[in-house]
Amino acid sequence: MLYPQNNRARTVIDLSGVWDFRLTEDAPWEPLAVPGSYNDQKPDSRYREHCGLSWYRRRIALPAALHEGRQVLRFDAVTHNARVFLDGVLVGEHRGGFLPFDVDVTGRLLPGASAELCVEVDNRIGRHSLPVGNEGGVVFLGTDNANVPAVEEGKRWQAARGRNVPNFDFFNYCGINRPVRLCVVPENRIEDITLVPQLDGRVHYRVDTAGEGSVAVEIRDAEGLCVGRAEGAEDDITVENPHLWEPRPGTPYLYTAHVTFAGDEYDQTFGFRTVEVRGHEFLLNGKPFHFHGPCKHEDSAIHGRGTDPCLNVADIALFGWLHANCFRTSHYPYAEEMYALCDREGIVIIDETPAVGIAAGTRENPYAWGLDEYHADVLRALIARDKNHPCVVMWSLGNEPDTDIFHHEAFLYWRRLYELAHASDPQNRPVTLVCCQNNYPVDEITRTMDVLCLNRYYGWYNLSGDLEAAQYALRRELDFWAQFDKPVILSEYGADTIAGLHGAVAEMFTEEFQVAFYEAFNACLDERPFVIGEMPWNFADFGTAQSPMRAGGNRKGLFTRDRRPKMAAHYFRRRWSEMEAE
Ligand code: E8X
């Protein structure tokens, strides 16, 4: 799937701006910004807590000069489901809130005339959606007061009235969260480009096209000089002495495949980079790589989950300040602009599907929810979108599913997706599944992944406040995982911390405790060479649903939500700077 691109053959009209918006079909239209979640753009609980359909509207026009070719509306993401209307006619729809979709409107936009574009957005989550919502059932992280009759009746009333109850720990920000563009492309056009580079300079390419024409591919270096070329829809090109793509503090050198076909053209950046798991090592360009960097969210005040290029640039600059070299796209695919920025800045990405919340304790078997086919479709679409990014080094099938209660059903469900990921990725990257703190001896599936990603919170959610006991437990568990001789990444660990709360004694929620927590955990990691990654949870404080466990959201950030460093940020900046200097 190609990202929209302006060039001599293609035209992109960005439809960002202030659209009309309404929460019900009989409400007056009000101004609302696109891209951006609608939840926090108005000081109104009806916006913040909305559950159900909502509508966006704006006029669009096609300049007469652009009447040739195909006209396509490209939505980078609408959360969670969308139906698209043009002058009242349904012209497209999409299920899923974190990946792009195209709506072909060729012939429906008369040159020089305008049309009414309307997008109906459905933000409901449930057992059918990724991420997963509760339907009057288990409440994530909260106490659900089981067996209290009035609470059970209240939950049934709540479900009947319609309320989103996330089975995950981030706010259900919804709407047209990412850019919408009207793209005009030639009738005879390039449909997709696949690049598989090797360290010796060979790059295998395949160009998928529509219509009549012939393909030519020119590889250009960072100065724009041609360093290789070939003709035909699929072939190999060899670049002599290639500059490799290296993560920071190395040089993330990018090349461009300049593709032409009939009257169309497209420039696809890529990097000469390989990844491989060998024993307990993760090799990047044949050298052992250590993942050190916090997990993120797409989250900020007002924008919600809306794409904000200024925030992306500032966040990646703070990754440099931290001497961090990676993050996981917890817990959903991020906007394409962030991957392009990480390609350029040398930040490694573990690319995750929106499969979070596939767990319900002993109450329900989550593998009976019928998510299999949809999850497979989402995984294929994620890989199709991100396959050429050198920054993407591993696929995460999902976050913290149940793998120990319904452990055999879990094995069957995730093993199929593991094999699908390897079969779908032209670069055949490693595949993981991020494991929740669980009864790990009965977990049959985590140990089969290429890399073992463990989210662990000893000393926080249990053994709370006792960091010596936390170290004892963590060491016992890491000794268990050593037997598999696979790379282990501590993919989440952290403690809620109120910025500015201090104590001479490091107690929970103080900044001193957050540092002490990480010092305790990292001492255990440093003892074990098979632990090849440390990813604090989280980069910054972020919004969540209301819960007795959340004081204005999740406070485990190394930074506050407005990106001010806590003591732990300074701690990791020192630790990772020394690590880089080794
Ligand atoms: C947390 C994190 C949450 O924000 C993230 O989305 C997934 C959670 C920890 C679960 N992992 O709560 O801060 C650990 C459960 C241990 C019993």
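Colleague: Is D87 buried, partly exposed or exposed in this model?
Modeller: This is a predicted model, and D87 lies in the loop between strand 6 and strand 7 (89–95). The relative accessibility of D87 is 48%, and the exposed class begins only over 50% while the buried class lies under 20%. Because its value falls in between, D87 counts as partly exposed.

Colleague: What is the phi of D87, which is not a glycine?
Modeller: Most residues other than glycine have a negative phi. D87, in the loop between strand 6 and strand 7, has a positive phi although it is not a glycine, with a value of about 50°.

Colleague: Where is E400 found, and is it buried or exposed?
Modeller: E400 is found in the loop between strand 26 and helix 6 (407–424), and, although it is not a glycine, it has a positive phi of about 50°. With a cut-off of under 20% for burial, the 18% relative accessibility of E400 is the reason why this loop residue counts as buried.

Colleague: How many ångströms separate a polar side-chain atom of E400 from a nitrogen atom of the ligand?
Modeller: E400 belongs to the loop that follows strand 26 and leads to helix 6. One of its polar side-chain atoms is placed with respect to a ligand nitrogen atom at a distance of 2.8 Å.

Colleague: Which residues come nearest to the ligand, and which of their polar side-chain atoms lies 2.6 Å from a ligand oxygen?
Modeller: There are 13 residues around the ligand, and the ones that come nearest are D169, H331, Y461, E492 and K556. Among these, the residue with a polar side-chain atom 2.6 Å from an oxygen atom of the ligand is H331.

Colleague: What share of the ligand's area does the protein bury?
Modeller: On the side of N554, an N or O atom of the side chain is 2.9 Å from a ligand oxygen atom. Taken alone, the ligand exposes 440 Å², and the share of this area that the protein buries is 88%.

Colleague: How many charged residues does the shell around the ligand have?
Modeller: The shell around the ligand divides by class into four nonpolar residues and four polar ones, with the charged residues forming the remaining class. The count for that charged class is five.

Colleague: With which side chain does the side chain of N399 make a polar contact?
Modeller: N399 has its place in strand 26 (residues 392–399), and it counts as buried because its relative accessibility is 2%. Leaving aside neighbours within four places in sequence, N399 is in contact with residues including R328, H331, E352 and E492. Its polar side-chain contact, at 3.2 Å, is made with N455.

Colleague: Is S491 buried or exposed, and at what relative accessibility?
Modeller: S491 sits in strand 29 (residues 488–492), and beyond its neighbours within four places in sequence it is in contact with C295, R328, V434, C453, L454, N455 and M535. S491 counts as buried, since its relative accessibility is 1%.

Colleague: Which residues does P131 lie between in terms of strands, and what is the omega of the bond from L130?
Modeller: P131 lies in the loop between strand 9 (114–122) and strand 10 (133–134). Most peptide bonds are trans. The bond joining L130 and P131 is cis, and its omega is about 5°.

Colleague: What is the omega of the peptide bond from T79 to H80?
Modeller: H80 is found in the loop between strand 5 (70–75) and strand 6 (81–86). The peptide bond that leads into it from T79 is cis, with omega near 10°.

Colleague: Which side chain has a polar contact of 2.4 Å with D562?
Modeller: D562 lies in the loop between strand 30 and helix 9, and a polar contact of 3.1 Å joins its side chain to that of R564, which counts as exposed at 55% relative accessibility. The 2.4 Å polar contact joins the side chain of D562 to that of T560.

Colleague: What distance separates the centres of domain 2 and domain 3?
Modeller: The chain is divided into domain 1 (11–132 + 167–183), domain 2 (188–273) and domain 3 (276–581). The contact between the latter two takes 21 residues from domain 2 and 27 residues from domain 3. Taken over C-alpha atoms, the centres of domain 2 and domain 3 are separated by 32 Å.

Terms used: Residues are numbered from 1 along each chain as its sequence is written. This is a predicted model: local features need pLDDT of at least 70, side-chain atom pairs count only at pLDDT 80 or more; totals for chains, interfaces and linings use all residues. Side-chain values use heavy atoms; hydrogens and water are left out. A residue is near a molecule or strand if one of its heavy atoms lies within 4 Å of it. A polar contact is a pair of N or O atoms within 3.5 Å; within protein, one must be able to donate a hydrogen and the other to accept it, and residues adjacent in sequence count only if both atoms are side-chain atoms. Accessible areas come from the Shrake-Rupley method with a 1.4 Å probe; for residues, only the protein chains shown count as cover. Ala, Val, Leu, Ile, Met, Phe, Trp, Tyr, Cys and Pro count as nonpolar, Asp, Glu, Lys and Arg as charged, and the others, Gly among them, as polar. Helices (H or I, at least four residues) and strands (E, at least two) are DSSP runs, numbered from the N terminus. Buried means under 20% relative accessible area, exposed over 50%, partly exposed in between (1.4 Å probe, protein chains only). Contact means heavy atoms within 4.5 Å. Domain bounds come from an automatic or database domain assignment.
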